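User: Could you take a close look at one charged spot in this structure for me? I'd like to hear how it sits in its surroundings.

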Amino acid sequence: MNTNKRPKIDPKIQIEASIKKPRIENYSEIQTPVWQFNFMDFEGPWSWQIPAATFLEIRDKLSQFESMTWSEIEGPSHHFAEVSNLCKEAQDRLVELKQDDIDHLFSLRLSGRQRVWGIRAGPIFKILWWDPEHIVYPSLKKHT
């Protein structure tokens with residue numbers, strides 16, 4: 001007499017049942033930004049050695065993004081930029097920072113010309129540069 005009361009399950013079905021499938025395929029639809037500060041450049045041309053009042057203004061603007069998902073943020077104003085299209089000085093600075101193995105940086109537009117540049121990895125935005133004059137990624141458009 002068999003005392004094992006477990007039902008027999010075809011191993012093929014058991015494997016398929018054990019694979020978890022994500023309910024959402026595009027996680028940027030639900031992920032909000034997470035700021036990472038240890039990549040901030042304090043020595044280059046887009047240094048974070050700025051007045052405290054300016055830093056607080058930037059912090060306040062970044063905090064406004066926290067209520068948005070990355071899919072809501074991404075668009076013409078906030079976007080990825082290919083490193084090969086950045087100005088030469090920015091590309092050279094990435095080499096100095098040992099960050100020249102990345103293909104894209106992400107730009108957050110705070111106002112007219114003002115940008116915060118960083119490395120985006122999923123929901124994490126590794127803050128890199130403060131670019132108040134829109135020099136890192138030259139644009140043909142005039143910003144006011």
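Analyst: Here's a walk around one arginine and its charged partners. Keep in mind that this is a predicted model.

R93 sits in helix α4, which covers residues 88–96. Its relative accessibility is 10%, so it counts as buried, the cut-off being under 20%. Beyond its neighbours within four places in sequence, R93 is in contact with D41, E43, G44, P45, W46 and W129.

Now for the charges. Side chains of opposite charge can pair when their charged atoms come close. R93 meets the side chain of D41 in a salt bridge, 2.7 Å from N to O. That pair ties together distant parts of the chain: D41 is in the loop between β1 and α2, R93 is in helix α4, and 52 residues separate them. D41 is buried too, at a relative accessible area of 3%.

R93 also has a partner in its own helix: its side chain and that of E96 form a salt bridge at 2.6 Å, N to O. These two are 3 residues apart in α4, about one turn of the helix. Unlike buried R93, E96 is exposed, with a relative accessible area of 53%. Put together, D41, R93 and E96 are linked in a network of salt bridges.

Helix α4 holds another such pair, D92 with K88, whose closest N and O atoms are 2.9 Å apart. They're 4 residues apart, so about one helical turn separates them. D92 is partly exposed at 34%, while K88 is exposed at 59%. Across the structure there are 6 salt bridges.

Terms used:
Residues are numbered from 1 along each chain as its sequence is written. This is a predicted model: local features need pLDDT of at least 70, side-chain atom pairs count only at pLDDT 80 or more; totals for chains, interfaces and linings use all residues. Side-chain values use heavy atoms; hydrogens and water are left out. Buried means under 20% relative accessible area, exposed over 50%, partly exposed in between (1.4 Å probe, protein chains only). Contact means heavy atoms within 4.5 Å. A salt bridge is a side-chain nitrogen of Lys or Arg within 4 Å of a carboxyl oxygen of Asp or Glu.
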